[in-house]
Amino acid sequence: MKKRIALLYLLACALLPWGAKAERFPTDSTVHEDKAKSSLFAVPPPQTRFHNVTMTTRSIGIGGILLGDTYLTPLSYGGTHFSFVSQSLHRGYKRERESSLARGSLFAYTPRTIDPKWLHHTLFSLGYARTLNPAGNANIHTLELSYSRSLLRQVAYGTWGELFAGGALAGRAEGLYSTRNGNNPGTIHASVGLNAAVLYSFRFGNDRFPILAKLYAETRLAGATFSQEFGESYYELYYFSPIGRRIHFAHPFNAPSLRAVAGLDLPILDYCTLHLGYHLSLERQVINHLRYYRSTHSLLVGFTTTALPLGGRRMARSSQPPLPL
């Protein structure tokens with residue numbers, strides 16, 4: 001009996017250090033939670049962020065055009081211009097420090113909030129024109145497509161409004177068809193480049209009838225444009241010389257460009273916002289002894305809408321989302 005008691009005493013003394021180690025390293029739930037939070041498959045809590053509202057203005061326009069292209073004719077053509085113009089803008093984003101709950105996980109995210117100092121702006125336009133020569137016996141039909149995306153920085157803010165300035169990546173393509181020419185009835189114009197852009201906005205009126213006035217303009221700084229040789233047909237261009245030789249450096253001295261859109265947003269009751277505006281487009285190019293110029297003026301009528309993107313793991317907030325302008 002005494003031997004059994006002695007064996008139990010020795011066994012208890014041997015297990016005592018293991019019990020002390022267990023107390024030194026507790027096995028409560030917090031340790032497992034910390035390990036799960038830093039694991040590869042840890043799912044962080046839903047991200048709370050401010051809403052970034054996108055303001056979009058779509059309008060149709062009608063106006064006049066003055067067109068000249070010495071590749072097709074030495075005369076100037078004038079006519080009617082129809083267009084569709086779409087603008088969209090939203091504030092920029094500002095990144096925050098990554099949450100420790102998401103660091104190291106496949107589902108990690110970088111929290112971000114709205115940065116009122118930055119503004120993203122896009123401008124898309126599609127236009128068609130039918131022009132007539134001074135003699136009234138020939139037409140030139142044109143179809144133009146242009147797109148630009150700009151990143152603007154707030155440079156001034158006050159009771160008189162907001163002013164943004166920055167750069168834009170722009171592209172443009174246009175096709176012309178003449179009913180008079182036989183061998184070379186058509187030509188194309190295409191260009192891409194970097195533009196300087198500015199945007200000004202001003203809100204006035206009262207709470208019952210708030211009005212937003214805005215003006216956006218951009219002009220070419222540098223880029224690339226297409227131009228064939230003087231008197232060269234498109235058959236010669238494609239079969240006797242590489243088309244890459246017809247890509248030229250474009251700058252404000254040989255290919256100036258200006259595009260401007262101005263308008264007023266007028267709220268109609270509580271249902272929609274009416275947009276009344278004006279669109280100006282000026283293009284000029286003198287390359288390879290070929291002269292091309294085009295100017296359009298259009299009055300715009302359309303509507304402005306605001307879209308609030310909600311999806312994924314974003315959470316809605318009870319606060320009023322700020323508008324871009």
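Helices (H or I, at least four residues) and strands (E, at least two) are taken here as DSSP runs, numbered from the N terminus. On that basis the protein has three helices and 11 strands, and their order along the sequence reads α-α-β-β-β-β-β-β-β-α-β-β-β-β. The model is predicted, so local features need pLDDT of at least 70 and side-chain atom pairs count only at pLDDT 80 or more, while totals for chains, interfaces and linings use all residues. Residues are numbered from 1 along each chain as its sequence is written, and side-chain values use heavy atoms, with hydrogens and water left out.

Some overall figures come first. Of the 325 residues in the protein, 38% are buried, where buried means under 20% relative accessible area, exposed means over 50%, and partly exposed is in between (1.4 Å probe, protein chains only). The protein exposes about 19,100 Å², and carbon and sulfur atoms supply 64% of that area; accessible areas come from the Shrake-Rupley method with a 1.4 Å probe, and for residues only the protein chains shown count as cover. Taking contact as heavy atoms within 4.5 Å, residues 24 or more positions apart account for 69% of the contacts with a separation of 6 or more.

Now for the inside. A nonpolar core is a set of buried Ala, Val, Leu, Ile, Met, Phe, Trp, Tyr and Cys residues joined through side-chain atoms within 4.5 Å. The largest one has 15 residues, and those with the most contacts inside it are L89, L119, L152, F164, L199, Y216 and L325. Two or more residues of this core come from each of strand 2 (76-95), strand 3 (112-132), strand 5 (161-178), strand 6 (186-205) and strand 7 (210-226). L325 touches quite a mix: leaving aside neighbours within four places in sequence, its contacts are M55, L89, L119, E162, F164, L199, S201, R203, L212 and K214. Apart from the largest core lies another, of nine residues, including Y71, L72, A138 and L290.

On the outside, I60, I62, F82, F84, L126, Y128, L143 and L145 make a nonpolar surface patch of about 720 Å². Patches are built from residues with over 30% relative accessible area and no salt bridge, with like charges joined within 9 Å and nonpolar side chains (Val, Leu, Ile, Met, Phe, Trp, Tyr) within 5 Å. Strand 1 (54-69), strand 2, strand 3 and strand 4 (139-158) each supply at least two residues of the patch. Y128, one of its members, lies in strand 3 and is partly exposed, with a relative accessible area of 33%.

Next, the charged pairs. Side chains of opposite charge can pair when their charged atoms come close. Counting a salt bridge as a side-chain nitrogen of Lys or Arg within 4 Å of a carboxyl oxygen of Asp or Glu, the structure holds nine. R91 and E162 form one of them (3.3 Å, N to O). This pair links distant parts of the chain, with R91 in strand 2 and E162 in strand 5, 71 residues apart. R91 is buried at 9% relative accessibility, and E162 is buried at 10%.

A second bridge joins E283 and R172 (3.8 Å, N to O), tying strand 10 to strand 5 across 111 residues; both side-chain partners belong to buried residues. K214 and D265 also meet in a salt bridge (3.5 Å, N to O), with K214 in strand 7 and D265 in strand 9 (residues 257-268), 51 residues apart. K214 counts as buried at 8% relative accessibility, as does D265 at 5%. Through shared partners, salt bridges join E144, R172, E174, R259, E283 and R294 into one network.

A few local details round things off. The loop between strand 10 (272-287) and strand 11 holds N288, which has a positive phi of about 55 degrees although it is not a glycine. H289 sits in that loop too; it is not a glycine either, yet has a positive phi of about 60 degrees, and it is exposed, with a relative accessible area of 74%. R291 lies in strand 11 (residues 290-307) and is partly exposed at 36% relative accessibility. R291 and G68 are 223 residues apart in sequence but 7.6 Å apart in space, C-alpha to C-alpha. Not counting residues up to four places away in sequence, R291 touches G68, D69, T70, R284, Q285 and V286.
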